[in-house]
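Biologist: I want the reasoning behind the labels, not just the labels. Can we look at the model together?

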Amino acid sequence: MSASFLTEDHEMFRMSLRKMLEKHAYPYYKKWENDRQISRDIWLKLGESGFLLSWVDEKYGGLGLDFSYSMVLIEELEKVGAGLASGICLHCDIVTPYINAYGTEAQKKKWLSKSVTGDFISAVAMTEPGVGSDLASVKTTAKREGDYYILNGEKTFITNGHHADYVIVVCKTDPQAVPAHRGISLLVIEDGMEGFSRGAQLNKIGMHSGDTGELIFEDVKVPAENLLGEEGKGFYYLMDQLQQERLVVALQVQVEAEVMLKLTVDYVKERKAFGSRIADFQNTQFKIAEMATEIDLGRNYINTLTEKHLQGEEIVKEVSMVKWWISEMAKRVAAECMQLHGGYGYMEEYEIARRYRDIPVTSIYAGTTEIMKNIIAKKILS
């Protein structure tokens, strides 16, 4: 279902990207899943072809396009697999927009240019052990000492954490601030800084090729020039950028639902039981009809919100709605699609098995379903 803002230029961008992925991603994806990591080469190939951070200004190596081209990138990467899309989409449309929005000219030249080429991989470190969605309660601290901050703390569940060349770390520069969120700042930590180490790459149920790790900071001496934006404004920066983050996640999950339905439609047309195609059974037809309806509703809502986001509208409530609803819808679709595959759906050689495993976490990261409902209720009732 095409959106009204997608043009012939978008289609050319998509076809070029798809051709590249068919050569450099699809044939290797199963290996990446088994190896539990994506090849660094795919980042560089995407960068060389101009697909990474296409929205970045030309003076930093980008193409100066808008989020609608990011939407195309997200869709095509997700069709390959969630493990590939999760890290690259986070890098392109969740982490680097912080540098673009709040960074100094020197910071943009330092980090954006190499992020465009794929030479740098980025991450953002919010979640801590024992502290989930409550960002105001982070324990990681950064104490100012002259021209440096001394950073201490731990982060977990960090996408790109194991391979990131730089990480935007959410920390407390004023632990005594009241309310607590006014003490939060963002510091950029670079690979190789003394005291910065990484725990083991986390072993997840799904998204096996996706890089998810733990980060440890022990008296890391961070130059004050690595402060992103103003001290004490970090929480507000996070809130400003979460609208796009949740829209990105909703789109990723929408594509997963669409792919799972297609896989299942193809399967039930071919598979026979009791002398008939599974597609000829009324129960199958009803299940397909129900899933197709919900998936179309999700796609229409995604397209509408993307258009509003492109126009600069504030849609925090609506994005919270689409994020929780689509992630929960996709879990229902995953379960129904596996059921329609029968025993074969539980076999690793069938793609539906991998897609089924990848889905559950989407209603947890970027804000749980429950947090999304809290935001919606506050917007309505305040």
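Modeller: Here are some short questions on the core and the helix packing.

Modeller: This is a predicted model, where local features need pLDDT of at least 70, side-chain atom pairs count only at pLDDT 80 or more, and totals for chains, interfaces and linings use all residues. Residues are numbered from 1 along each chain as its sequence is written, and side-chain values use heavy atoms, with hydrogens and water left out.

Biologist: What makes α5 roughly antiparallel to α7?

Modeller: Helix α5 spans residues 82-102. Its axis and that of α7 cross at roughly 160° and come within 10 Å. Axes are lines fitted to C-alpha atoms, for helices over the stretch in contact, and angles run from 0 to 180 degrees between N-to-C directions. Angles over 145 degrees count as roughly antiparallel and those under 35 as roughly parallel, with 65 to 115 roughly perpendicular and the rest oblique. So α5 is roughly antiparallel to α7.

Biologist: Why is α7 called roughly parallel to α9?

Modeller: The axes of α7 and α9 (residues 316-341) cross at roughly 20°. Therefore the pair is roughly parallel. The axes come within 8 Å.

Biologist: Which classes of residue make up the contact of α7 with α9?

Modeller: That contact has 20 nonpolar, five polar and two charged residues. Ala, Val, Leu, Ile, Met, Phe, Trp, Tyr, Cys and Pro count as nonpolar, Asp, Glu, Lys and Arg as charged, and the others, Gly among them, as polar.

Biologist: Which helix gives the most to the largest nonpolar core?

Modeller: Helix α7 (residues 234-270), with 16 residues.

Definitions and conventions. Helices (H or I, at least four residues) and strands (E, at least two) are DSSP runs, numbered from the N terminus.
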